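Q: Please take a close look at a single part of this model, the nonpolar core, and set it in the context of the elements around it.

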Amino acid sequence: MDAKTLSDSLAGAVERAGASVVRVEGRRRAASGFSWSADGLVVTASHVVQRDDEIRVGLPDGQALPALLVGRDPGTDVAVLRVNATLSAVALDDDAGRRVGELVLALGRPGHGVRASLGMVGAVNGAWETACGGRVDRYVEVDGSLPPGFSGGPLVSVSGGVIGLNTSAIARGGGTIPVTTLRRVVESIVAHGGVRRGHLGVVVQPVRLDEASARAAGQEGGVVVAGVSPGGPASGVLLVGDVLLGFGGKPVPDARALHAILDEGSVDQAVVARVLRGGAVVDVEVRVGARVERGRGGCCG
């Protein structure tokens with residue numbers, strides 16, 4: 001492919017995807033977003049809309065409309081807005097087919113016109129967890145830093161399909177939330193106002209086991225149950241003083257590990273918890289409850 005053909009291809013991708021890129025005014029500095037569906041849903045970064053009120057969305061045709069915050073998930077830095085307008089919905093691409101060395105475009109609309117930044121996929125890897133406890137289905141790293149005002153805007157392929165959401169909040173220099181994760185998170189926000197996570201109704205603290213307990217448990221630490229909510233999912237199953245060693249076959253060395261296990265897929269599941277109780281290791285079954293994290297405040301938000 002010669003330079004002219006490549007240039008035309010990139011410009012065409014910006015034109016196609018740019019019709020769905022919007023400006024989001026949720027704080028002093030404008031950021032970006034993109035229309036998810038024709039009926040008025042807009043996706044942006046959670047940290048862009050820290051407040052519920054006075055959010056406005058600037059459309060490609062120049063209109064600036066008030067927006068309602070449907071919900072946000074600070075764990076993945078995704079938020080969903082709704083405006084009273086018919087929008088040009090984005091075309092979603094498959095993030096599973098991304099290759100290292102592939103050219104991609106970050107788009108934004110921090111002002112009235114769409115802007116583009118050319119980059120290259122620098123790394124592709126498996127699922128990971130953000131510092132805020134959000135599960136991201138695929139790691140996609142793009143070289144270079146995200147330009148100011150591009151947070152919440154889309155990362156697009158050279159065909160113009162959206163492969164992820166760009167955000168400056170989850171990684172130094174900027175990161176990408178892939179479409180696979182976006183679909184899951186957006187659907188949960190629209191249905192529940194936030195992301196549903198597994199819930200046990202317990203308060204836990206990290207603990208290092210003494211030598212004898214460590215030998216019995218086969219590990220050096222876990223989390224001690226410091227409180228159990230009456231009527232909660234773990235009530236009558238887990239006891240204050242139990243040391244939770246594993247959950248669902250996965251080790252629980254600390255509270256963050258337990259939080260990661262209690263994702264959307266654990267809700268309503270009967271899960272075996274491995275606990276140290278009275279010096280003996282026992283297995284008990286807990287049916288995981290649900291809690292909706294609506295992200296008022298939050299880690300990345």
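A: A nonpolar core is here a set of buried Ala, Val, Leu, Ile, Met, Phe, Trp, Tyr and Cys residues joined through side-chain atoms within 4.5 Å, where buried stands for under 20% relative accessible area. The model is predicted, and the description that follows should be read with that in mind. In the largest such core there are 44 residues, of which F34, V43, V49, L81, V83 and L182 touch the most other members. Two or more residues each come from α1, β1 (21-25), β2 (31-35), β3 (41-45), β7 (78-82), β8, β14 and α2, and the element that gives the most is α2, with 5 residues. In general, nonpolar side chains in soluble globular proteins tend to be buried together.

V49 can serve as an example of these surroundings: once its neighbours within four places in sequence are left aside, V49 is in contact with V24, G26, T44, I55, L69, R72, A79 and L81. Apart from the largest core lies another one, of 17 residues, which includes V223, L258, L262 and V275.

Several of the contributing elements also belong to, or pack on, an open sheet. That sheet is built from 6 strands in the order β12-β9-β8-β13-β14-β15, with antiparallel pairing; its edge strands, β12 (139-142) and β15 (175-178), each pair on one side only. On average, and with direction ignored, neighbouring strands of the sheet are turned by 40 degrees against each other. Helix α1 (residues 3-18) packs on this sheet, where the helix touches β8 (103-108), β9 (115-125) and β13, and its direction makes about 40 degrees with that of β8. Helix α2 (residues 179-192) likewise packs on the sheet, touching β14 and β15, and the direction of α2 makes about 65 degrees with that of β15. Within the sheet, β13 (residues 154-157) and β14 (residues 162-167) pair in the antiparallel sense over 3 bridges, and L155 stands opposite G164 in β14.

The 17-residue core, to return to it, has V223 and V275 among its members, and these two residues are also among the contacts of D242, a list that further holds V224, V225, V237, L276 and R277 when neighbours within four places in sequence are set aside. D242 lies in the loop between β18 (221-228) and β19 (243-247), and it counts as buried because its relative accessibility is 2%, against a cut-off of under 20%. The side chains of D242 and R277 are joined by a polar contact of 2.7 Å.

Note on methods:
Residues numbered from 1 in each chain as written. Predicted model: local features only at pLDDT ≥ 70, side-chain atom pairs only at ≥ 80, totals over all residues. Heavy atoms only, no water. Pairing = 2+ DSSP bridges. Helix = DSSP H or I, 4+ residues; strand = E, 2+ residues; numbered from the N terminus. Axes fitted to C-alpha atoms, helices over the stretch in contact; angles between N-to-C directions. Contact = heavy atoms within 4.5 Å. Buried < 20%, exposed > 50% of the residue type's maximum accessible area, 1.4 Å probe, protein only. Polar contact = N/O pair within 3.5 Å; in protein donor to acceptor, adjacent residues only side chain to side chain.
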